[in-house]
Amino acid sequence: MTFDELGLHPEVLRAVKEKGYEIPTPIQAQAIPVVLEGKDVIGSAQTGTGKTAAFCLPTLSRLEKRDTERAPRCLMLEPTRELAGQVDENIQIYGKYLDLRATLIHGGVKYGGQEKALADGVDIVVATPGRLIDHMEKGNLSLRNVEVLVLDEVDRMLDLGFIEDVTRIVSACPKERQTLFFSATVPDAIKRLAEDVLQDPVSVELGGRRSPAETVDHAIYPVDAIQKFDLLVHMLEKMDYESVIIFTRTKIDADRISRWLIERNHPVATMHSDRTQSERKAALDGFKNGKYPILIATDIASRGLDVSGITHVINYNVPQHCEDYVHRIGRTGRALKEGEAFTLFSTDETSFLHNIEKFIESTIPRRKWEGFHYRNEPHLGASAPVRKRRNRGFSAPGSGGFGRR
Ligand code: AMP
């Protein structure tokens with residue numbers, strides 16, 4: 001299938017071709033015709049599958065041109081500032097030949113520019129929930145003309161405590177509208193929200209949403225907790241990387257590891273939610289343009305951030321939430337490029353690791369980093385499950401043969 005067959009607006013098609021896309025990704029092939037028909041969609045897709053274009057291209061095609069009233073006809077809600085910024089960038093690229101205006105609304109920056117953009121009139125608003133509500137309360141914008149509402153990464157929005165804001169925003173939109181709803185996981189709270197906001201939706205689901213991208217080679221590196229930092233430094237010295245994200249569980253860890261790596265002359269950028277918006281932007285821009293080959297981040301960067309050419313992801317800690325594992329390692333191996341993801345694991349994290357392996361329904365290979373001086377020989381067998389199971393006589397610890405590679 002080619003993009004020409006999907007029914008997109010010719011000016012959108014022109015921008016897509018200029019961007020260099022030749023064939024639609026599976027989610028695009030599935031979602032674009034349905035969105036163009038004006039139907040509601042509930043979708044889940046692995047990260048890096050081309051989801052953003054899957055909802056932006058048909059939406060732009062439908063909006064097509066300016067409305068005289070200039071109250072937004074499309075609202076795209078995103079959980080984080082970075083994701084909102086990224087979607088806005090995509091809209092600017094795909095919509096460059098259309099007579100439409102889009103604006104980005106998120107916290108952490110001054111109100112003035114956003115107020116002016118809203119007062120001048122916009123067709124598309126890409127926003128995070130908190131700041132959008134501020135503008136609604138100040139009377140800076142009305143959602144009464146919204147024809148297309150995109151709720152992206154809904155599970156993340158709920159994790160971040162935006163459920164009430166999202167509900168309030170949805171109820172400020174007209175009932176007669178198209179809603180596109182994306183969530184990697186669909187727990188009960190999200191199911192209820194989906195039932196409330198969607199009408200007769202078409203489901204678009206691709207790939208095992210639990211499985212990491214197939215182009216990522218991932219492995220666990222067991223190590224004593226006290227040697228984690230030494231192993232990290234050793235890996236960075238020996239690895240052949242272009243750019244690497246190191247995920248930590250806490251902001252304090254992120255700051256501490258950054259400091260230690262800077263002391264060892266590694267150029268690093270740091271991103272977490274206690275940093276100011278300009279610091280976050282400088283970190284991400286510096287990482288994207290290659291000034292900093294290493295980004296240290298908490299899970300704020302694990303979802304949806306699209307930075308090309310990330311060759312490695314290192315989890316300094318085993319993530320506490322299973323989904324975060326899949327999202328974190330999905331930062332590499334994007335758009336069918338190969339990537340590697342290493343997780344440093346100490347025995348106090350056994351229960352997290354078991355939960356992840358249960359979630360992704362496979363055992364992650366354990367490896368030893370040759371050449372690193374371990375204080376204690378790492379245990380390369382799958383660690384004993386937390387819940388006791390009867391030993392059926394196979395899979396003795398240390399026997400190897402772990403899952404797929
Ligand atoms: P996303 O899952 O939306 O974050 O997209 C992941 C990456 O794939 C982005 O860098 C897109 O620019 C790229 N991409 C999206 N659609 C296509 C396509 N049809 N062909 C090639 N690359 C694409």
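How many helices and strands does the protein have? There are 14 helices and 13 strands. Keep in mind that this is a predicted model.

Begin with the whole protein. It has 405 residues, and 55% of them are buried. A residue counts as buried when its relative accessible area is under 20%. The protein exposes about 18,800 Å². Carbon and sulfur atoms supply 47% of that area. Now look at contacts between residues at least 6 apart in sequence. Of these, 76% join residues at least 24 apart.

Next, find the sheet. Six strands build it, and the sheet is open. Read across it and the order is β8-β13-β12-β9-β11-β10. The pairing is parallel. Which strands sit at the edges? They are β8, residues 216–222, and β10, residues 268–271. Each of these two pairs on one side only. The sheet also twists: from one strand to the next, the twist averages 20 degrees.

Zoom in on one pair of strands. Strand β9 covers residues 244–247, and strand β11 covers residues 294–297. The two run parallel, and four bridges join them. Which residue in β11 stands opposite Ile245? It is Leu295.

Finally, add a helix to the picture. Helix α12 spans residues 277–288. It lies across three strands: β9, β10 and β11. So how does helix α12 run relative to β10? The angle is about 135 degrees. Strand β10, one of the edge strands, is thus among the strands that helix α12 lies across.

Methods
Residues numbered from 1 in each chain as written. Predicted model: local features only at pLDDT ≥ 70, side-chain atom pairs only at ≥ 80, totals over all residues. Heavy atoms only, no water. Pairing = 2+ DSSP bridges. Axes fitted to C-alpha atoms, helices over the stretch in contact; angles between N-to-C directions. Contact = heavy atoms within 4.5 Å. Buried < 20%, exposed > 50% of the residue type's maximum accessible area, 1.4 Å probe, protein only. Areas by Shrake-Rupley, 256 points an atom, 1.4 Å probe, with all protein chains shown as cover.
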